[in-house]
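Dear colleague,

I am passing the structure below on to you, and my notes on it follow. Please read them alongside the coordinates.

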Amino acid sequence: MPKLLLLILLFSTPLHAQQTQNLFLIIPDGLRWQEVFRGMDSSMLTKENKAEPAAPLREAFWFEDLEARRRALMPFLWTTVATEGQIYGNRDKNAPSRVTNPYHVSYPGYSEVICGFAEFSITNNTKIPNPNVSVFEFLHAKPNFAGKVAAFGTWDTYPYIFNSLRSGILVDDGIAPLTRGTLTPTIEAINTLRKETPRRWSSAHFDSLSYRAAREWIAANTPRLCFIGLGETDEWAHEGDYANYLKAAHRSDAYIRELWDFCQSHPTYKGTTTFIITTDHGRGDHDGGPTAWFNHNAQTPGCEAIWIAILGPDTPALGERRDTSEVTQAQIAATIAALLGEDYNAAEPRAAKPIAEALPSR
Ligand SMILES: [Zn+2]
């Protein structure tokens, strides 16, 4: 080969070729940055917070050392993601992350995550079909993603958020039976359990009934882009049940680890899969009073604060971020597309730009 041609080839090849072929977006609903970065708050182990007796919670989640404490609550996040990926949002280390919508409730938050901007006509959780084309719908319309995009969650509003009617994306709400794609006997059994297990919440079901179906469906259908929404963190918090809120956070972390381990053992996913883990909104803090953490809305201070974690072959292992400029929920949509080698900003000019430091360096 002539030397000149060799040189041209060398210098025209990107230093780091895009490796992400598949992406999972996983959202434990309303899980505060305070518990993510500080672990369990022992001052919240009160009767009012349904956290008595406190001894079992202390046994499971309490360490004087902050790093040991948060690792006890979310071990996958604070071992694998913290060493191999990136975690944004620690306000104690000057790395804030926030939502840009002013409402601080779920539908506006999920819409901002998947569409890349605040939609001012979506102010609450009313079930209206999303007027905007999300990055999920944008990618689903491309031939190499068609039929390879799916969403699983625990809430009957997700089909509206992803506009399943218009987008054609499979959106499983965790309540109705899962009927699309290749189904397995395990999925059929979970469908029966969904029907027969009394629902604690009027529009949501337990995380296990969504996650277990998703996990099984993913193995059988290998989606390239997949959302998993885990709602129990938010539901228990609204009940003021700190014990179950913490356990739901811990279980979410275990689900994420299990899915990551599955991906690393599967030929379709191994080494080619990125996880983005975040939340749709924050919740109240002590400043708002002892029960402010129960809720989240525009009036309660602190509900704009979120966290974002990214783990995958293209994302530099910068770990827990400190002293960063603010990253926003609106940046996630374009980050998803960019990691998959697509340009969402070109299709949706209102979308915020990707989180640059989460992308491969060129
Ligand atoms: Zn909520």
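**Sheet, helix α10 and Ala248**

Strand β4 (residues 149-152) runs parallel to strand β6 (residues 225-230), the two being joined over four bridges, and within this pairing Ala151 stands opposite Phe227 of β6. Strands here are DSSP runs of E of at least two residues, and helices runs of H or I of at least four, numbered from the N terminus; two strands pair if DSSP finds at least two bridges between them.

This is a predicted model, in which local features need pLDDT of at least 70 and side-chain atom pairs count only at pLDDT 80 or more, while totals for chains, interfaces and linings use all residues. Residues are numbered from 1 along each chain as its sequence is written.

The open sheet has eight strands with mixed pairing, in the order β5-β4-β6-β1-β7-β8-β2-β9. Because β5 (170-172) and β9 (319-320) stand at the edges with a single partner strand each, one side of each has no neighbour in the sheet.

In helix α10 (residues 185-196), Ile187, Ile190 and Arg194 are buried, that is, 20 or more other C-beta atoms, placed from the backbone, lie within 10 Å of their own (exposed: 12 or fewer; partly exposed: in between). These buried residues fall within an arc of 55° seen down the axis (taken from the directions from the helix axis to the C-beta atoms), so they line one face of α10. Pro185, Thr192, Lys195 and Glu196, on the other side of α10, are exposed.

Ala248, which lies in helix α13 (residues 242-264), counts as buried because it has 24 C-beta neighbours inside 10 Å.

Best regards
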